[in-house]
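Work through the exercises below with the sequence and the 3D structure open. Try each task before reading its solution.

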Amino acid sequence: MCRFLIYSGQCPILLSHLITSPTHSILTQSYDSRLRLDQTRPHNGDGFGVGYYTTAPTTSTRRRGVSDPVPKEEVIDLGPEPCIFTSTIPAWNCRNLERLATKTVSPLIFAHVRASTEGTLSDSNCHPFSRGALMWMHNGGIGGWKLGVKRKLVTDIGDKWFESVGGSTDSEWAFALFMDSLEKMGSDPDDEKKQRHGFGHTVLRKAMLKTIERINGFIKALPENTRSNGDTRSLLNFAVTDGKSVVCTRYVSSRTDDAASLFFSSGTNWREQNTGRSGTSTPSKPGKGEYKMERRDKGADIVLVASEPLTFERDNWVTVPTNSVLTIHNQTVLIHPILDEFYNHAPSMPRSSRFAATKGQTTGDGMAEQGSVKAAIVRDSLADDLAANGAGLGMAAA
């Protein structure tokens, strides 16, 4: 399985403060993943990717010519699309990643290290994937993919999204399905205005939920004997952004199994403790920085989402509840339960970690245990109200 990391902040941060410098950075997780149980393939070394958005249009000064020596300022519009750097080189062995990370800042970053389950080792299969301003990552796998689900998905999406797939992973096909769902809901993923100004976090969340619903539908449509003889459970930790809002899921298509691990942390400053360096100053050497999420008030200027925590501070990280969708909008975290046939309304009923373990995953490491239990209790209490009222649910997470 893979590992991914998301940063969303009011201010740009140097990529190295997330990707290379922390002692348990995502680069470190590529070769020392504490929550990876697959001892036969203990590394996330099948390539990596980093996607980030530029802050704002910049200006350059040019002379018009000899006859008109007055300098002229020109706006350089880099467009709404993210810059994406991928490589099949293991992240721990890529000098260019270190060089890029120490000289690049962004207010919204996706990073991913890959342990392949579907698709060959190639740049086209490295996350994150993108189309226009939309960017997508996945940790997990679609159940029954080779038992007929892939064929059903491919034949169910529009030609434009079919042609957009350049690799062979189930993750990229899921992205195509997401864009097809977005279009069928009335929001064209290629709409230039929405590319620049955003689709809206509610629209992205609904399209994400529709994508999961359709995947479950493809699995249900398989012949009974196929589903009985093969494992059709899915681990769907998806992440998507339009450069304005972020939507993530922690999901498993089972009522008794737990999903792959996912955590979030929010605060006012992501700071290196042994030097006092903040997100805009020069970082420590790779893998040597001890970082902490600081909180000066109840608000949040920074939100991090990660498959594995970047620090070992128990009170810095909160476990995202199983079968939930997490939304980040203006650095506010909203958590909604995914109310389908696999939702468990009994928070006291434990889920098994065995299925995730067979995929090389764990479901958690005990960090922020109290916070996650409280979140689950609040979530399930509100979910019961939601089921009774037929309304939507939003929960601001501290």
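**Exercise 1. Find the aromatic cluster and describe the pairs.**

Step 1. Trp136, Phe175, Phe178 and Phe238 form one aromatic cluster. Rings of Phe, Tyr and Trp (its six-membered ring) count as a pair if their centres lie within 6.5 Å; planes under 30 degrees apart are called stacked, over 60 edge-to-face, and the rest tilted. The model is a predicted one: local features need pLDDT of at least 70 and side-chain atom pairs pLDDT 80 or more, while totals for chains, interfaces and linings use all residues. Residues are numbered from 1 along each chain as its sequence is written, and side-chain values use heavy atoms, with hydrogens and water left out.

Step 2. The structure holds six aromatic pairs. In one of them, the ring centres of Trp136 and Phe175 are 5.6 Å apart and the planes are at 20 degrees, so this pair is stacked. Trp136 belongs to strand 8 (residues 134–141) and Phe175 to helix 6 (residues 170–184), so the pair ties together parts that are 39 residues apart in sequence. Helices (H or I, at least four residues) and strands (E, at least two) are DSSP runs, numbered from the N terminus.

Step 3. Trp136 counts as buried at 0% relative accessibility, and Phe175 is buried with a relative accessible area of 3%. Buried means under 20% relative accessible area, exposed over 50%, and partly exposed in between (1.4 Å probe, protein chains only).

Step 4. The rings of Phe162 and Trp173 have centres 5.7 Å apart and planes at 45 degrees, so this pair is tilted. Phe162 lies in helix 5 (residues 159–164) and Trp173 in helix 6, so the pair ties together parts that are 11 residues apart in sequence. Phe162 is partly exposed at 35% relative accessibility, whereas Trp173 is buried at 8%.

**Exercise 2. Decide which residues of helix 4 are buried and which are exposed.**

Step 1. Val149, Leu153 and Val154 are the buried ones to mark in helix 4 (residues 149–156). They cover an arc of only 125 degrees around the axis, which puts them on the same side of helix 4. The arc is taken from the directions from the helix axis to the C-beta atoms.

Step 2. Arg151 and Thr155, on the other side of helix 4, are exposed.

Step 3. The cover over the buried residues of helix 4 includes helix 5, helix 6 and helix 8 (201–220). Contact here means heavy atoms within 4.5 Å.

**Exercise 3. Place strand 10 among its neighbours.**

Step 1. Strand 10 (residues 245–250) is mostly covered, with six of its six residues buried. Ser245, Val247 and Thr249 point one way from the strand, and Val246, Cys248 and Arg250 point the other way.

Step 2. Strand 9 (residues 235–241) runs antiparallel to strand 10, and three bridges join them. Two strands pair if DSSP finds at least two bridges between them. Val240 has Val247 as its bridge partner in strand 10. Three residues lie between the strands of this hairpin, where Gly243 takes a positive phi near 90 degrees.

Step 3. Strand 16 (residues 324–329) is also antiparallel to strand 10, joined by six bridges. In strand 16, Leu326 stands opposite Cys248.

**Exercise 4. Which residue forms a salt bridge with Asp258, and which with Asp190?**

Step 1. Side chains of opposite charge can pair when their charged atoms come close. A salt bridge is a side-chain nitrogen of Lys or Arg within 4 Å of a carboxyl oxygen of Asp or Glu. A search of the whole structure finds 16 of them.

Step 2. Asp258 pairs with Arg250, the closest N and O atoms being 3.5 Å apart. Asp258 is buried at 13% relative accessibility, and Arg250 is buried at 3%.

Step 3. Asp190 pairs with Lys160, again with the closest N and O atoms 3.5 Å apart. Asp190 lies in the loop between helix 6 and helix 7 (192–197) and Lys160 in helix 5, so the pair ties together parts that are 30 residues apart in sequence. Asp190 is partly exposed at 27%, and Lys160 is partly exposed at 34%.
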